[in-house]
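Q: I am new to this structure. Can you teach me how to read its features, one at a time?

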Amino acid sequence: MRFIRFIKNLIKVNPIIFVLFFFLWMKTIIVSLVDYSITIDNWRQLIIMVLNPLPTFILAAGLIMTRKKPRQLTYAVVFAVFATIILYANGVYHREFTDYITIPLLLVGGNAADLSSSIIELVQWRDILYLTDFAVFFGVLYFIKKKRGELTFSQLSFRQLTPYLATVLVIGIVNLSFANIERPQLLTRSFDRELIVKNIGIYNFHLYDTYLHATSRAQRVFASEEELLEINEYIEEEKETVNRDLFGVAKGKNVILISAESLQNFVIGSTVNGEEITPFLNELIGDSIYFEEFYHQTAQGKTSDSEFIVDNSLYPLARGAVFFTHPSNEYYALPEIMNENGYYTASLHANNGSFWNRNIMYDQFGYDRFYTVEDYEVTEEDSVGWGMKDIPFMEQSVEHLLDMPQPFYTKLITLTNHFPFELDEEDSYIDQFDSNSRTLNRYFPTVRYMDEAIRVFFDELKENGLYEDSMIVIYGDHYGISSNHNKAMSYYLDKEITPFVEAQLQQVPLIIHIPGVEGETLSTVSGQIDLRPTLLHLLGIQVDNQVIFGKDLFSEDRKELVIFRDGTFITEDAIYTSGVCYSKETEEPVDEEEKEALCGPYLEEVQQQLSYSDRIIYGDLLRFDTSREEISDEIRKNENIEIQGNKRLGE
Ligand code: GP9
Ligand code: MN
């Protein structure tokens, strides 16, 4: 009952500060339920949610009360404003990304200007409610002042803070113990921010994130060559064998990757209002190698993560975008390998060169040239939403391809099908959908427009004689419809969106089109990380000692396993997500015994791979790969590769 006495004292010491913090507490709980969509499944989870903001608040209130009397109210209001900004910024971010803000993400600040159209779309009128407590609080304050005249404040000495600290400690321990029952090893297992915020609350999450930020910086300093040797050993043990069937079928061909913005797999072969959403891709699939169970593996770095995964066959980071956090690391990326094999390499994207820090990172990856918005003629009528429309982008990109030395390895990044999916009337080939989500409704016509742009691109390639000598690879970069739109999605798909279905919705198309090679649809469980070894296989390029986690999708002994950044994984028979193992056959969670058999054997490997990949990035381990330098020097010396027309970035 000491606690009750303590609360009574708290109210008595400075009631007005108590009122302010009480409102903030209630607001935090409401925002967690409404904007963070945190669900309460049992009484422990309810207690966790109610308790977790308190340590921060009690500590802050205690410290504020040690300040000089006239200042206390100002400090308390400043604290409340700061807490509200944290709540609101995460609320808006969560609407689109079903995730929370981390420190490295704030480093992406430079991208913010371009993000403005997305942010405006996410802000809603009801957000004004975030200020309700301030309105009530100042009302109460006015009323008290009017009735009682000046407010009286007591000042505490630091010694008098002891009961405050003790309470913080007790609540913290209760919170963590309950969290540990709900989710064992919450903070040590792989990073699922949804679960972390659910279990320790938004304020403690930010403290924890600050701690992670500080320690990850130190990792590079303490990294050693031995770590790389250990990882190499693991990769060597897990190595798949080469299947010679399709090895080298695209030897010497140009490679054109199309990174299709926000293209999810559920639209392939589907209709909306009775009309096909991707008529061209549907037709193309008949003539291509199509992977029907291919997943994106991106995290906070979105498109840049997909680029990182595809070019390096490593996992993205759990916090922030590697493109921003580790641009000066040593990499051995696909463009560099292609350069070593006589290819000219370029990325084409009609946006600012600095977006996602691409201009810096591409240089690290070894791209010969980056065609940015500066290399395109962009008129007002050729622009919508985020910038240049996909059709003129495709048309002008073909002109750039024609200028390049061949063979080339190029990546075209589309833009029109980007949230909030804006489209001009004349570009709408199909009607919007009619659900309660404006986002989902508008998604279909913009996907349809992108499909048309890809058709135009193929026509232009054929007309300009580039088609026959090229291998064209189309893949979706990441999801377009976040789980925030599950209700509308459920209406469209006509089924309940369970966590199982949500994981399946992370499928994006992978279409590999090689003129002259017969089409087939493969159900291999695969992910973006597998693309690099698969492409090298088709090109007949064998590279030894690669530090990669992807597997050649044509190999016969490849383990069917796709790992998401948050520790979710998918095998041939199961989907494991948020600690629950679902059978693919029944789409239902399995019991403990079956979980052991279906998901158990993969748990360790999943953590192993994610942590090895993190160590490579945080420790900048590839700088220790001396064999690589020798190999590239050797190749350069022996073959004396001279790529004409090379224009190194920044030169
Ligand atoms: C911006 C484009 C979109 O250049 O790649 O980025 P995203 O928001 O999808 O990561
Ligand atoms: Mn994208």
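The dialogue below goes through a metal site, a recorded position, a helix, aromatic rings and the backbone.

Q: What kind of model is this?
A: It is a predicted model.

Q: Which residues coordinate the manganese ion (ligand 2)?
A: Start from the donor atoms. For the manganese ion (ligand 2), they come from E261 (OE, listed twice), T303 (OG1), D477 (OD) and H478 (NE2). The distances run from 2.1 to 2.5 Å.

Q: What is the geometry of the site of the manganese ion (ligand 2)?
A: Look at the angles among the donors. Six donor atoms give angles of 55 to 169° at this site. The site is irregular.

Q: How are the donor residues of the manganese ion (ligand 2) spaced in sequence?
A: The pattern is E-x41-T-x173-D-H. E261 sits in the loop between β1 (254–260) and β2 (271–272), while H478 sits in the loop between β11 (470–476) and α19 (486–493), so this pair ties together parts that are 217 residues apart in sequence.

Q: Is E261 buried or exposed?
A: Check the relative accessible area; buried means under 20%. E261 has 2%, so it is buried. H478, at 3%, counts as buried too.

Q: Which residue does UniProt list for "binding site"?
A: The unreviewed UniProt entry lists H418. In the model, H418 lies in the loop between β10 (408–413) and α18 (438–463). Its relative accessibility is 15%, so H418 counts as buried.

Q: Which residues does H418 touch, not counting residues up to four places away in sequence?
A: They are S118, E261, S262 and W386. E261 is also a donor to the manganese ion (ligand 2).

Q: How many residues of helix α13 (residues 302–312) are buried?
A: Count along the helix. In α13, 11 of the 11 residues are buried, so the helix is largely enclosed by the rest of the structure. Among them are T303, D305 and F308. S313 follows α13 and has a positive phi, near 55°.

Q: How do I read a pair of aromatic rings?
A: A pair is described by the distance of the centres and the angle of the planes. The count here comes to 44 aromatic pairs. Y295 and F564 form a tilted one, with 5.6 Å centre to centre and 55° between the planes. Y295 lies in strand β5 (residues 294–295) and F564 in the loop between β15 (561–563) and β16 (569–571), so the pair ties together parts that are 269 residues apart in sequence. Both Y295 and F564 are buried.

Q: What kind of aromatic pair do F323 and Y362 form?
A: Theirs is edge-to-face: 6.5 Å centre to centre, 85° between the planes. F323 belongs to helix α14 (residues 322–325) and Y362 to helix α16 (residues 358–365), so the pair ties together parts that are 39 residues apart in sequence. Both F323 and Y362 are buried.

Q: Which charged residue lies over the face of Y371?
A: R369 does, at 4.2 Å from the ring centre. K462 lies over the face of Y467, at 4.8 Å from the ring centre.

Q: Where does a cis peptide bond appear?
A: Read omega. One cis bond joins Q406 and P407, with omega about 0°. Another joins F419 and P420, with omega about 5°. P420 lies in the loop between β10 and α18.

Q: What is the phi of S262?
A: It is near 55°, a positive value in a residue other than glycine. S262 is found in the loop between β1 and β2. Its relative accessible area is 3%, so S262 is buried.

How values were computed
Residues are numbered from 1 along each chain as its sequence is written. Chains are lettered from A and ligands numbered from 1 in the order in which they are written. This is a predicted model: local features need pLDDT of at least 70, side-chain atom pairs count only at pLDDT 80 or more; totals for chains, interfaces and linings use all residues. Side-chain values use heavy atoms; hydrogens and water are left out. Donors are N, O and S atoms within 2.8 Å of the metal (3.2 Å for Na, K and Ca); water is not among the atoms, so sites may look incomplete. Four donors count as tetrahedral if all angles lie between 85 and 135 degrees; four count as square planar and six as octahedral if opposite donors are over 155 degrees apart and all others between 65 and 115; anything else is irregular. Helices (H or I, at least four residues) and strands (E, at least two) are DSSP runs, numbered from the N terminus. Buried means under 20% relative accessible area, exposed over 50%, partly exposed in between (1.4 Å probe, protein chains only). UniProt positions are given in the numbering used here, feature names are shortened, and annotations may be inferred rather than shown by experiment. Contact means heavy atoms within 4.5 Å. Rings of Phe, Tyr and Trp (its six-membered ring) pair if their centres lie within 6.5 Å; planes under 30 degrees apart count as stacked, over 60 as edge-to-face and the rest as tilted. A charge sits over a ring if NZ of Lys or CZ of Arg is within 6 Å of the ring centre and within 35 degrees of the ring normal.
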